[in-house]
Amino acid sequence: FHTMPLWYTPEEVELLRGTSVDSLLSGRHIANREDLEAIAGWCFAHPELFPEGSKIGLAELRWAASVVASRAFDSTEAGVISS
């Protein structure tokens with residue numbers, strides 16, 4: 001089970017080019033910005049679950065992703081991300 005930060009700055013990603021981390025980052029990632037934005041959009045589209053005033057943003061979703069990623073199970077096996 002791989003452990004690494006959920007996200008890197010663009011400068012850090014550039015420094016990691018050609019490393020094993022670079023190859024890991026090229027695959028599906030639990031905190032992919034596009035996925036998090038899609039999840040946020042889904043949350044806003046369901047006010048019955050997330051009423052007005054709910055603070056659902058990228059920071060909160062990254063936190064939630066870090067909670068999932070820190071657990072001892074494979075995120076793809078649990079259906080958190082697709083393989």
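Helices (H or I, at least four residues) and strands (E, at least two) are taken here as DSSP runs, numbered from the N terminus. By that definition, the protein chain has 4 helices and 0 strands, and its elements run α-α-α-α from the N terminus on.

The structure is a predicted model, in which local features need pLDDT of at least 70, side-chain atom pairs count only at pLDDT 80 or more, and totals for chains, interfaces and linings use all residues. Residues are numbered from 1 along each chain as its sequence is written, and side-chain values use heavy atoms, with hydrogens and water left out.

Of the 83 residues in the protein chain, 20% are buried (under 20% relative accessible area; exposed is over 50%, partly exposed in between; 1.4 Å probe, protein chains only). The largest nonpolar core, a set of buried Ala, Val, Leu, Ile, Met, Phe, Trp, Tyr and Cys residues joined through side-chain atoms within 4.5 Å, has 8 residues: Ala31, Leu36, Ala40, Cys43, Ile56, Leu58, Leu61 and Ala65. Helix 3 (33–44) and helix 4 (58–69) are the elements that give two or more residues to this core.

Rings of Phe, Tyr and Trp (its six-membered ring) pair if their centres lie within 6.5 Å; planes under 30 degrees apart count as stacked, over 60 as edge-to-face and the rest as tilted. The count is 1 aromatic pair. The ring centres of tryptophan 42 and phenylalanine 50 are 6.3 Å apart and their planes stand at 80 degrees, so this pair is edge-to-face. Both partners are listed below.

| Residue | Exposure class | Relative accessible area |
|---|---|---|
| Tryptophan 42 | partly exposed | 43% |
| Phenylalanine 50 | partly exposed | 27% |
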